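Look at the ligand first, then work outward to the protein around it. Which parts of the chain hold the residues that surround it?

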Amino acid sequence: MIRDPESFNALIDAITKLVREKLIPCEAEVAKTDEIPQNIQILMKQMGLFGLTIPEAYGGLGLTTEEEALTSMALCGASPVFRSLTGTNNGIGGMGIVMDGTEEQKQKYLPKLASGEFIGAFALTEPGSGSDAGALTTRARKQGDFYVINGTKRYITNAPEADIFTLMARTDVNTHDARGVSAFIVERNSPGLSVGKPDLKMGQRGAHTADVIFEDVKVPVSNVIGGVEGMGFKTAMKVLDRARLNIASVCVGVAQRLLNESLLYARQRKQFGQAINSFQLIQAMLADSKTEIYAARSMVLDAARLRDEGKNITMEASCCKLYASEMVGRVADRAVQIHGGAGYMQEYAVERLYRDVRLFRIYEGTSQIQQLVIAKHLIRENKTV
Ligand code: CAA
C-alpha cells in the first residue's frame, strides 16, 4: 500500500539522488577502508533513513511494507552495505520492539532508533545454533528484579556499532527448543557485555558483524520484550517474516544495479568490430536477468501488499527470499560473464557485488530453511482442504 503517492515519490527521488550523487561515488572507498564515511552517515540520518519503518508516533516515517520494499530497492542502487547500516534499525534490530514491545519500551528506545542516535542489532545466532535457532543456549536466569545473562552470540550484524541488542535467550532451563526462549532489550554499556573484533568476511566490506559475549550481564525485568517470558522465539520469527521480505527487496535492487552495469558495459565494449550488446549470446544473458528481476520484483510487491492488507505472509516471505536471493546470484554471475576479464577485476563494481550478494542466500535464513518453511506451510494448508 502506498499511502500518499506524491510524498512517497519525493522520498524515492531523494534516495535515488543520494545513491547517484553520494553513495555510488564513495562505494570503492567504503570497500577499501571498511568504513562508511561519517558525512554519509549524517546525511542518511538527516534523511530519516534509520527510521523508515518505525511508526510516526515514535519519530519514524512509518512506511508500509510495500513502501519499505520500494525504498530498499532504490537504496540498493548503491552498494548494499549502506542499506545494511540502516537495515537493523528498520528491520531485525528495531522490529521486535515495534511488534511486541510494551508502550514504555517503545517510548524509551524507538525515537533513538528512528533518529539513528542508537543502532539496534538482533542477537539470535550462536556458535552452536544457526539454522536451528530454537536450540540456542544463551541463558537468562531470573534473580529478583533482574535477569543474569550468560552466553555468546555470533555473526551479529552491526554489533560493533550497536547501542542496543534484541537478544534471544533461554529463560526456561527445562526446554531445549523454541519454547522457553525470551526476548530482551540489552543496552551495549551493560557491565559484562563485550563485542568481539569485526569478522573478516568474503564481501560486504563496510558492513560489520561480530560476536557478542554476555558474562553475568544484568538486565532489568522491565526489558523483557512485551513483558512476557517464553515469547522470544515467536517475536524473532515474526521479525524475520518482515525482514526476509525486505532482504528480497534488497536482492531486487542490487540485481537491477548489476543489470545496469552490464547494459552499460555491453554498450561500450567493442569486439569483432561492434558493441558486444549486438551479439545474441550477450542479449540472452541480459534478457534472462531482466526476466528474473521482473519476476522477483513482482513477487515482492505482491507479498508486501498482502502483508499491508493484514494477511499472514510467512510462506510468501520465504518464497520471495528464496527466489530473489538465488536470482541475484545468477544475475551477478551473468554480469561478471558479460564483463569478461574486466568482471574479474576489482576496478569494476560487478566484481565486488558478485561477492556481496553471496550472503543473501545465507543470512536471515538460508535458502534451505526457506524451502522448509514453504513446504511446512504448503503441507499444513493441504491438510485443511
Ligand atoms: N511467526 C510467528 N510464530 C512462528 C513463526 C512465525 N513466522 N514461525 C514459527 N512460529 C512459532 C510456531 O507457531 C511455534 O509455536 P507453537 O509452539 O505455539 O506452535 C513456535 O514458533 C516454534 O515453531 P517451529 O516448531 O516451526 O520451530 P522450529 O524449531 O522447527 O524452527 C525454523 C523453525 C523455521 C527452522 C526456524 O528455526 C528458523 O527460521 N531458522 C532459521 C533462523 C534464521 O533465520 N537465522 C537468521 C538469524 S538473523 C541474521 O541472519 C542476521 C544477523 O544479523 C545475524
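**Around the ligand**

A polar backbone atom of Gly-365 lies 3.1 Å from an oxygen atom of the ligand. This is a predicted model. Side chains make polar contacts too. In Lys-234, a side-chain N or O atom is 2.7 Å from an oxygen atom of the ligand. In Asp-241, a side-chain N or O atom is 3.1 Å from a nitrogen atom of the ligand. Taken alone, the ligand exposes 1100 Å², and the protein buries 69% of that.

Now widen the view. The ligand takes up the space of the largest pocket. Three elements each give two or more residues to the shell around the ligand: strand S3 (146-157), helix H7 (232-268) and helix H11 (367-383). H7 supplies the largest share, seven residues.

Next, count the shell. The ligand is surrounded by 24 residues. Ser-131, Lys-234, Arg-244, Glu-364 and Lys-376 are the closest. Lys-234 thus appears both among the closest residues and in a polar contact through its side chain. What is the chemical make-up of the shell? There are 12 nonpolar residues, six polar and six charged.

Finally, place the ligand among the domains. Why does the ligand lie between domain 2 and domain 3? Domain 2 spans 120-229 and domain 3 spans 234-383. Both give residues to the shell, so the ligand lies between them.

Definitions and conventions
Residues are numbered from 1 along each chain as its sequence is written. This is a predicted model: local features need pLDDT of at least 70, side-chain atom pairs count only at pLDDT 80 or more; totals for chains, interfaces and linings use all residues. Side-chain values use heavy atoms; hydrogens and water are left out. A residue is near a molecule or strand if one of its heavy atoms lies within 4 Å of it. A polar contact is a pair of N or O atoms within 3.5 Å; within protein, one must be able to donate a hydrogen and the other to accept it, and residues adjacent in sequence count only if both atoms are side-chain atoms. Accessible areas come from the Shrake-Rupley method with a 1.4 Å probe; for residues, only the protein chains shown count as cover. On a 1 Å grid over the protein atoms alone, a cavity is a set of points where a 1.4 Å probe fits but cannot get out, and a pocket is an open set with protein on both sides within 12 Å along at least five of seven lines; lining residues have an atom within 4 Å of a point. A molecule sits in a cavity or pocket if more than half of its atoms lie within 2 Å of its grid points. Helices (H or I, at least four residues) and strands (E, at least two) are DSSP runs, numbered from the N terminus. Ala, Val, Leu, Ile, Met, Phe, Trp, Tyr, Cys and Pro count as nonpolar, Asp, Glu, Lys and Arg as charged, and the others, Gly among them, as polar. Domain bounds come from an automatic or database domain assignment.
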